[in-house]
Amino acid sequence: MSDSATSIDKVMVVGGGGQMGNGIAQVAAVAGLEVTLVDLDQGDLDRGIGRIERSLERLVRKEQLSDTEAKEARERITTSTDLEGTARDTDHAIESIVEDVDVKRDVFRRLDAVARPDVILASNTSQFAISAIAAATGRPDRVVGTHWFNPPPVMRLIEIVRGVETSDDTVEKMQALAQRYGKETIVCQKDTQGFLTSRLIMALIAESMRIVEEGIASPEDVNRACQLAFNHAMGPLQTVDLGGLDTYIKASEAMAHHYGDRFKPTQQVRALVNAGHYGYKTGRGFSDYGTAQ
Ligand SMILES: NC(=O)c1ccc[n+]([C@@H]2O[C@H](COP(=O)([O-])OP(=O)(O)OC[C@H]3O[C@@H](n4cnc5c(N)ncnc54)[C@H](O)[C@@H]3O)[C@@H](O)[C@H]2O)c1
C-alpha cells in the first residue's frame, strides 16, 4: 500500500466493463499502474477485458507498443465485482458508470466509507456538477472531475473539473497523474454543468440534429461539413453515435434542465433510442454501421 496520494500506484476504475472505463484502465496500465476494473457482474468485466486485449493487440500491430509492453500492461489489470473490497486497498478511484447522478452519488458514498482518507475520488461524468457528487462524501476537497474523451487511449485531453470544495492540491495531483498517462489537461475552474467541453460539443451536436430533423441535410453531409470545412477529425453525429445515443439522451436532458431548450434532444434522436438504435454499440444510430462495434 502506498503511504500517500502523492504516490498513486494502484487505481480502480468503477464501471471498468463499460465503453470508457476499459479505455481508461488500459491507459493507466500502459503507464505502469496496477489497475482493478470494478463492475456489476463478471460478464461486464469479461467484455471490458476483451476490449482491452483487442486494443493492446492493435497497438502492437501499429508498432505503438512492443509485445512485452502490451503483455506487461495486461498483467497489471485485474477485475472485481467487490467495490468496497477494492476501494479499501486503492490509491485512487475513478468512476465511469452510467450517467445518472443518484447512482453516481451512491457509488461515491460507498467509496468514501472505506477508501483511505487521502485517496482522491474522481468522476468521468460528461456533465454533472462535481459538487453534486462530492456532497455525497465526507471528503469534498478530494473529489474532482477527470473527464476523458472517447476512445481514452487515443484522445489526448483530460478535462479536470473543480467542485465547489475541490482543493488546489487535488487538482495538481490529477494534473500530475494525467502527465504520467501522457495526456494534456485543461481545468474547468468553476463547478458547472457541462464544463467547457460538453457545452461546446453538445451545442454542435444539438444544432446538427436540428439540421437533420429539418431535412436540410443528411447526417453524413453534416459530418462531412464539419470534417472538411472545420477540420474536425470526426463529424458531430458520428461522435454522438460513437459515444452512444442512450448516454447522449440522458446528458442532453440534464443539460436542457440547466441551460434551457437549446440542449433539448430532438424527436428523431428519441425515436432512434426508443427503437434500440444507440449508435456504434448496436450497429445503427444516425448512420448505419452494419454490425455492433
Ligand atoms: N461514451 C462516451 O463517449 C463518454 C465520453 C466521456 C465521458 N463519458 C461518461 O463516462 C461514463 C460512462 O459512460 P460509458 O459510455 O462508458 O457507459 P457504459 O454504459 O458503456 O458503461 C458503464 C458501465 O458501468 C457499469 N455500472 C453501472 N452501474 C454500476 C455500479 N453501481 N457499480 C459498478 N459498475 C456499474 C455498467 O455495468 C457498465 O459496464 C458516463 O458518466 C458518461 O457520461 C462517456
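Which atom of the ligand is 3.0 Å from an N or O atom in the side chain of asparagine 124? In this predicted model, the partner is an oxygen atom of the ligand. Two further polar approaches were computed. A polar backbone atom of glycine 18 lies 3.3 Å from an oxygen atom of the ligand. For aspartate 44, a polar side-chain atom is placed 3.4 Å from a ligand oxygen atom. Glycine 18 thus contributes through its backbone, while asparagine 124 and aspartate 44 contribute through their side chains. The ligand taken alone exposes 840 Å², and the protein buries 85% of that area.

The surroundings of the ligand comprise 23 residues. Those that come nearest are Met20, Asp39, Glu99, Lys104 and Ser126.

The chain itself is assigned two domains. Domain 1 spans 5-188. Domain 2 spans 197-282. Their centres, taken over C-alpha atoms, are separated by 26 Å. Contact between the domains involves 12 residues of domain 1 and 10 residues of domain 2. Together the two domains bury about 810 Å² between them. Carbon and sulfur atoms account for 57% of this area. On the domain 1 side, half of the burial is concentrated in a trio: Gln19, Glu99 and Gln127 supply 50% of the area buried against domain 2. No other three residues supply more. Glu99 therefore appears in two settings, as it is among the residues that come nearest to the ligand and is one of the trio at the domain boundary. 

Polar pairing across the boundary was also counted. Four residue pairs are in polar contact between domain 1 and domain 2, with both residues at pLDDT 80 or more. The count of salt bridges between the domains is zero. By class, the side of domain 1 that touches domain 2 has five nonpolar residues, five polar residues and two charged residues.

How values were computed:
Residues numbered from 1 in each chain as written. Predicted model: local features only at pLDDT ≥ 70, side-chain atom pairs only at ≥ 80, totals over all residues. Heavy atoms only, no water. Domains from an automatic or database assignment. Contact = heavy atoms within 4.5 Å. Buried area = accessible area lost by both parts, 1.4 Å probe. Salt bridge = Lys/Arg side-chain N within 4 Å of Asp/Glu carboxyl O. Polar contact = N/O pair within 3.5 Å; in protein donor to acceptor, adjacent residues only side chain to side chain. Nonpolar A, V, L, I, M, F, W, Y, C, P; charged D, E, K, R; others polar. Near = heavy atom within 4 Å. Areas by Shrake-Rupley, 256 points an atom, 1.4 Å probe, with all protein chains shown as cover.
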